[in-house]
There are 2 protein chains.
Amino acid sequence: MSISDRKKKILAAVVDEYIRTAEPVGSKHLAENAGLGCSSATIRNELAELVSLGYLEQPHTSAGRVPTPMGYRMYVNELMQKQKYSLEETEEINRRLNQKLQELDDTIGSISRLASQLTDYPALALTAAAPTTIRRFDLIYVDANTFIIVLMLSNNTVKSKLVHLPVSVDQPLVQRLSALFNSGFTGITEDQITPLLIHSSERAADDSMGLTAVIAAFAIETLSEVTAPMAFVSGENRLLNQPEFRDPDKAHRLMSYLSSGSYILPPAENGLPDSSEVRVLIGPENIAEELKDSSVVIASYDAGDNTRGLIGIVGPTRMDYSAVASKLRFLAANLSRRLGSGEAPPEGMHNKLIIKKSEDREE
Amino acid sequence: MSISDRKKKILAAVVDEYIRTAEPVGSKHLAENAGLGCSSATIRNELAELVSLGYLEQPHTSAGRVPTPMGYRMYVNELMQKQKYSLEETEEINRRLNQKLQELDDTIGSISRLASQLTDYPALALTAAAPTTIRRFDLIYVDANTFIIVLMLSNNTVKSKLVHLPVSVDQPLVQRLSALFNSGFTGITEDQITPLLIHSSERAADDSMGLTAVIAAFAIETLSEVTAPMAFVSGENRLLNQPEFRDPDKAHRLMSYLSSGSYILPPAENGLPDSSEVRVLIGPENIAEELKDSSVVIASYDAGDNTRGLIGIVGPTRMDYSAVASKLRFLAANLSRRLGSGEAPPEGMHNKLIIKKSEDREE
DNA sequence: TGTTGGCACTCTCGCCCTCCGAGTGCTAAT
DNA sequence: ATTAGCACTCGGAGGGCGAGAGTGCCAACA
């Protein structure tokens, strides 16, 4: 069912105003400021209808109107004007994105921090699990009791580890193991590394000291670490800026849910949506009980290596959807461009001589 | 100046009770529950004196007494009874410590999370900067456009990185560079890697493609990363459990200070105290304005490699000093035992076949 | 001299009540 | 269909009141 054009205008004005002020908005105020050419009485009539249609509600008789989740939904779907960035803002975000990405480790954490700083809401970042294999295996002999394991993974990262041994090994054994793992353990996923495979390798290498097991364990651990979905939340405390979270208990409930790191996305979103579209989950549309009266805005980006990452912003239902959505869209698009696309990730920028470490944190 | 024995008992009782209830404590209540054999009137007299001595104060006439920072200081220095753990608790902490340390990366984060969980206050973890050098350099040739840099550091960790090149290199060059770096760049600290050194190496290696600069940049970056003091905060939201932070603004101020990651320790503590003693900073003893009416409990531990780490707990001045201090002491002692002590860190436990990943997060 | 019970006093907190104003719904006029 | 006017409603701020907790002081007592 469609509603009149003027109703839409009024609804949009109500949502905009409520987002700005967090206070129920009345007919008179609307008539004066919203610039639609009619009097407060007319608007009152329209408002009454919007209430009975379910788009608005009144906290109590004779307070102004407040959008319902359905009202927000309509706003997000049809009425919201997409925000464009000025050149300076774009510049600013880009600059900070660059800065963040230079701190190459903990990328996911930086992204979520950046998103939170930009929007002034709590942010979360997730990465999906992606099947990863070992592409290359190296063992570096250091001394009789020490060697280094170096794994090059199919996602073009390298993991390494120092191993101290209670027993001593000789260089030939290390080389033998290296060759063996390179042929037997590359190109397979974590669950293909079976005890059987380990055992047979052990015999093939003539390894009586359990080295094989140690190396295999590191391989398994590394793969499971890389494969595991990761979650990161930051800026939880920004919730306290929002009037709807002035109640410390309420704030605490949501904050500890957020930092618990266990999000439940609605089934539809579960597979980390492919499109670079921004999704909005309003109040009861969320599955998690703790989010039932909050909203979440999610964007996904191409993290390279067939993986999609996800950035989300959490806030009250009265969230500035327009601003948040466009910021998230921008961020996701840029991340995709930088991280994603094809086999060879743009290592280029890491190769440059980057000495200065940026030390800025939140605020 | 020393105070009478009974005054001390009473002061201790007041602090204990106030820590428990967060409410001013009155003479009658004290007479009935604190088990010192005298009447409320006597206690009133003593309380009045304690007030004039500066150990206690009254929020207003005819409310109970509340400890002043000076009162807490006395409590912490002399009156507080050190809490002993039951066997089960010790067991429990040990179990979780084991679990945490198995997730070998992000140790500092895990420690702070664990501390926060144990105490139910926000926790922070810091590591001091320690001079670190490169002990060994390896370059692994992958293909004409790709090689891996592997650095073994003086703190017995290994860092590695994949480098993609726009130009192609041959294996001999890579080997030449490897040898060169091994002789020229090991055993020196970050600031000894000068442009001059890089330049002369470049010529020595006959490297016309700037590879030397790339590798040197990684060395510098890695060293500065490892050397840099790190900070980590977790459980900020637990502040909201404390009645003194029911005011969202107050809570927000402190929380955002905490997550800003810039602590200022009093000069005395600045060098990360050597002793494994636990320090308590009460209210105004803190330098940072934001901490003036909160307290911080700090313990330091031997993180190996001549580095000391620091764990801190932040809470209201009415903090359960006794419990927090003993938990922190226990944690620090255990960490020292596991991480610290001498040249060869106990890698042993990492060598074991650890496959199960623990997935618990906060709460 | 130190301790105790008694008593009047003080101050906060929670409660209720009232009043004010913003905003509504309805009706009659345009 | 829109508007102006009007009576009505309801939440929130502000003021007054009473209860209760806790004190300080005093006089009596060991």
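# Exercises on a predicted protein–DNA model

A base oxygen of DNA strand D lies 3.0 Å from an N or O atom in the side chain of A:R44. The model examined in these exercises is predicted.

## Exercise 1. DNA strand D

Identify the residues that come nearest to DNA strand D, and state which part of the strand the protein approaches.

**Solution.**

Step 1. The surroundings of DNA strand D comprise 19 residues, of which A:T42, A:H60, A:S62, B:S27 and B:R65 come nearest.

Step 2. Of the strand D atoms that come within 4 Å of the protein, 72% belong to sugar and phosphate.

Step 3. Individual polar contacts are then assigned. The side chain of B:S27 places an N or O atom 2.7 Å from a phosphate oxygen of DNA strand D. Base oxygens are also approached: one is 3.0 Å from a side-chain N or O atom of A:R44, and a base oxygen is 3.1 Å from a side-chain N or O atom of B:R44. Each of these pairs meets the cut-off for a polar contact, because the N or O atoms must lie within 3.5 Å.

Step 4. At the level of helices, α3 (40-53) of chain A and α3 (40-53) of chain B each supply at least two residues of the surface near DNA strand D. The most is given by α3(A), with 4 residues.

Step 5. By class, this surface holds 4 nonpolar, 11 polar and 4 charged residues.

## Exercise 2. DNA strand C

Determine which helix gives the most to the surface near DNA strand C, and describe the polar contacts of that strand.

**Solution.**

Step 1. Around DNA strand C there are 19 residues; A:S27, A:R65, B:R6, B:T42 and B:R44 come nearest. Sugar and phosphate make up 70% of the strand C atoms within 4 Å of the protein.

Step 2. Two contacts involve phosphate oxygens. One such oxygen is 2.9 Å from a side-chain N or O atom of A:R65. For B:S39, a polar backbone atom is 3.0 Å from a phosphate oxygen of DNA strand C.

Step 3. A base oxygen of DNA strand C is 2.8 Å from an N or O atom in the side chain of B:R44.

Step 4. The α3 helices of chain A and chain B each supply at least two residues of the surface near DNA strand C. With 4 residues, α3(B) gives the most.

Step 5. The surface near DNA strand C divides into 4 nonpolar, 11 polar and 4 charged residues.

## Exercise 3. Helices α8 and α9 of chain A

Classify the packing of α8(A) and α9(A), and name the residues in contact.

**Solution.**

Step 1. Helix α8 (residues 195-204) and helix α9 (residues 211-227) of chain A pack at about 140°, with axes 9 Å apart.

Step 2. The two helices are therefore oblique to each other. Their crossing is right-handed.

Step 3. From α8(A), the contact involves A:I198, A:S201 and A:E202; from α9(A), it involves A:T212, A:A213 and A:A216. These residues comprise 3 nonpolar, 2 polar and 1 charged.

## Exercise 4. Helices α7 and α9 of chain B

Classify the packing of α7(B) and α9(B), and give the contact by residue class.

**Solution.**

Step 1. Helix α7 (residues 171-184) and helix α9 (residues 211-227) of chain B cross at roughly 45°, and their axes come within 11 Å.

Step 2. That angle makes α7(B) oblique to α9(B). The crossing is right-handed.

Step 3. The contact is formed by B:L173, B:L177 and B:F181 of α7(B) with B:L211, B:T212, B:I215 and B:A216 of α9(B).

Step 4. The contact has 6 nonpolar residues, 1 polar residue and no charged residues.

Notes: Residues are numbered from 1 along each chain as its sequence is written. Chains are lettered from A and ligands numbered from 1 in the order in which they are written. This is a predicted model: local features need pLDDT of at least 70, side-chain atom pairs count only at pLDDT 80 or more; totals for chains, interfaces and linings use all residues. Side-chain values use heavy atoms; hydrogens and water are left out. A residue is near a molecule or strand if one of its heavy atoms lies within 4 Å of it. A polar contact is a pair of N or O atoms within 3.5 Å; within protein, one must be able to donate a hydrogen and the other to accept it, and residues adjacent in sequence count only if both atoms are side-chain atoms. Ala, Val, Leu, Ile, Met, Phe, Trp, Tyr, Cys and Pro count as nonpolar, Asp, Glu, Lys and Arg as charged, and the others, Gly among them, as polar. Axes are lines fitted to C-alpha atoms, for helices over the stretch in contact, and angles run from 0 to 180 degrees between N-to-C directions. Angles under 35 degrees count as roughly parallel, over 145 as roughly antiparallel, 65 to 115 as roughly perpendicular and the rest as oblique. A crossing is left-handed if the near helix is turned anticlockwise from the far one by less than a right angle, and right-handed if clockwise. Contact means heavy atoms within 4.5 Å.
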